[in-house]
Amino acid sequence: MARLDPHSYFDSDQARTRHLDIAFDVDFARRVIAARVVLDLGGPSRGPLDLDTKGLAIGAVRTGDGRPVPFALGPEEPILGRRLRLELPADSTAVEIVYETTPDAVALQWLDPAQTEGKRHPFLFSQCQSIHARTMLPCQDSPYVRTPYRAAVTIPDALAAVMSAGPAGERTGPRPGTKTWLFEMPQPIPSYLLALAVGDLAARDLSPRARVWAEPATVEKAAWEFAGVEQMIVTAERLFGPYPWDRYDMLVLPPSFPYGGMENPRMTFLTPTLLAGDRSLVDVVAHELAHSWTGNLVTNATMDHFWLNEGFTVWAERRIVEALHGAEAVALAWAIGQNALDESVARFGAESPLTRLRTDLAGVDPDEAFSSIPYEKGARFVALLERTVGRERFDRFIQAYLGRFRFTSITTEDFVAFLEVQLPGVAAQVDSRAWLHEVGMPANAPVFRSGALEALTALAEGFAGGARPAAAQIAAWSPAETLIYLQHLPREVGANACAWLDANLRLTGRGNHEILVEWLVIAAGSDYEPVFGRVREVLSRVGRMKYLRPLYTALGRHPRTRQLARDLYARAGPGYHVLSRRVIESVMEKYRDG
Ligand SMILES: [Zn+2]
């Protein structure tokens, strides 16, 4: 018995899934998927096979050749869900499971027509990372297990379906008014990269291999915003080697999507808050694209090694940004990341074990542990390695790393061993043990400087003493510079200062949500009533956790904003994704008056 992943019942001594054949029948009226999955075991197997499930109603289990398979569901464990133990008869080469999801499956968000742009059709999207694939299908829900898959998805014929897979045609559905969309993912992926979305969708081609999907009302805006994606792919290929997934398509989701982006292979999912109208937030696309190499090609073996996915990807994202926009732009990106890192370390406390890169999350819900630390501390560790050996040597190392581990899932220890072989002595030189296993930030963290950055922070730090930027200065700021200025302002300022900022930086009307939310955090935290309407509007529409957490936190500072937060949550809460609801509830529990 060998359970290698604290968040899965996957047992490495048992048969391993080699391929998935999925049939989904999407029922919007009941908010369930009636499903069948065939797990190909790659050869004759027998005995117990443990799968992960959460909230699934298991109907029937049989072998590929139709023999019944005895099964038992274990007790409900709060984080893991229920183990589904199959007892495979001799010579089982495949097993078929017929089941249904439940309306509260964490992986699936079902939207009413009112929650979409078009207001006419319902919408469904999945989010399987970290450990929610098991609420969508019974599987070995650990990144250790990678499988190609094939899927047939039956949906109302007015809608379209996309998956983290290549399109493989359509056919008439099994009932009138339905259509079945076919998909094929030939490369092996971990279960957390399974993805499905269904809605009233339109598509625009951005290049022969890149397409953007969105609701019809949004698709032109999305095509304009992401028009540069082919140039981004070409830049990434120069750095990391040929793009390994054939197509790079993107889907812009309705505003309740809880993340900025999700790197589902062949179909990146994106929040519509990136549609700033000025292409200023496409760094997130660089990030999701970079995951095509770091994360999707070389994958963390478990959530204890999440920094391998995110630290490398933030570093890779900034290499792409640097190649496209230069050294000054990337210094600002590192500074914005530093702000996020400082906030996460402050939230957990510098002594928290969650500030380690290599974590031990046994008994911990990965969603509770989520923060900027694996991203930004991880990226700083990678950047330190790069600085220590020099860019040329490090780029050769990265190519070797991606080549050695492609389509596999690895641990921190695998990485360190490979580093030692390829770049002997470097781990000791940078004190990698401290970076990976100790809490807080090591003293040798790389510093990213730029003239613009220093001027901005100095200006912001003088704000309380009365310093104000001149109109000509403000007019010359890029969106990133405006954001950095706001990030370095005090969290609470007087009403006159709020009025000055809004009049001179024209903040409340901004479409760039990074700037808008940073401003609303200051203004709401300052009990500045003129922004309450905009706060109400943003929180009623947008479900991205990155914005909800600081805004609901800022609203907790004063009695009337606390009341505003409670009223808003009572009204908007049911429309948020369950992951977002959990974040807000944990924030509101800490409000001072209980
Ligand atoms: Zn990422």
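This briefing describes the overall build of one protein chain and the zinc site it holds. The model is a predicted one, and its protein chain carries 20 helices and 19 strands. The radius of gyration is 24 Å, close to the 25 Å that the globule rule gives for 594 residues, so the chain is as compact as a globular protein of that length.

**Overall build**

- Taken along the principal axes, the C-alpha atoms of the protein chain fill a box of roughly 80 × 60 × 50 Å.
- Of the 594 residues in the protein chain, 59% are buried, and the area that the chain exposes comes to about 22200 Å², with carbon and sulfur atoms supplying 52% of it.
- Among the contacts in the protein chain with a separation of 6 or more, 71% are between residues 24 or more positions apart.

**The zinc site**

- The zinc ion is coordinated at 2.0 to 2.7 Å by NE2 of His287, NE2 of His291 and, listed twice, OE of Glu310.
- Along the chain, the donors of the zinc ion follow the spacing H-x3-H-x18-E.
- Histidine 287 belongs to helix α3 (residues 283-290) and glutamate 310 to helix α4 (residues 306-325), so this pair ties together parts that are 23 residues apart in sequence.
- Both histidine 287 and glutamate 310 are buried.

**Geometry of the site**

- The angles among the four donor atoms of the zinc ion run from 52 to 152°, and the site is irregular.
- Four donors count as tetrahedral only if all angles lie between 85 and 135 degrees, so the range of 52 to 152° at the zinc ion does not fit that class.

Conventions. Residues numbered from 1 in each chain as written. Predicted model: local features only at pLDDT ≥ 70, side-chain atom pairs only at ≥ 80, totals over all residues. Heavy atoms only, no water. Donors = N, O, S within 2.8 Å, 3.2 Å for Na, K, Ca; no water. Tetrahedral: all angles 85-135°; square planar, octahedral: opposite > 155°, others 65-115°. Helix = DSSP H or I, 4+ residues; strand = E, 2+ residues; numbered from the N terminus. Buried < 20%, exposed > 50% of the residue type's maximum accessible area, 1.4 Å probe, protein only. Rg over C-alpha atoms; globule rule 2.2 N^0.38 Å. Contact = heavy atoms within 4.5 Å. Areas by Shrake-Rupley, 256 points an atom, 1.4 Å probe, with all protein chains shown as cover.
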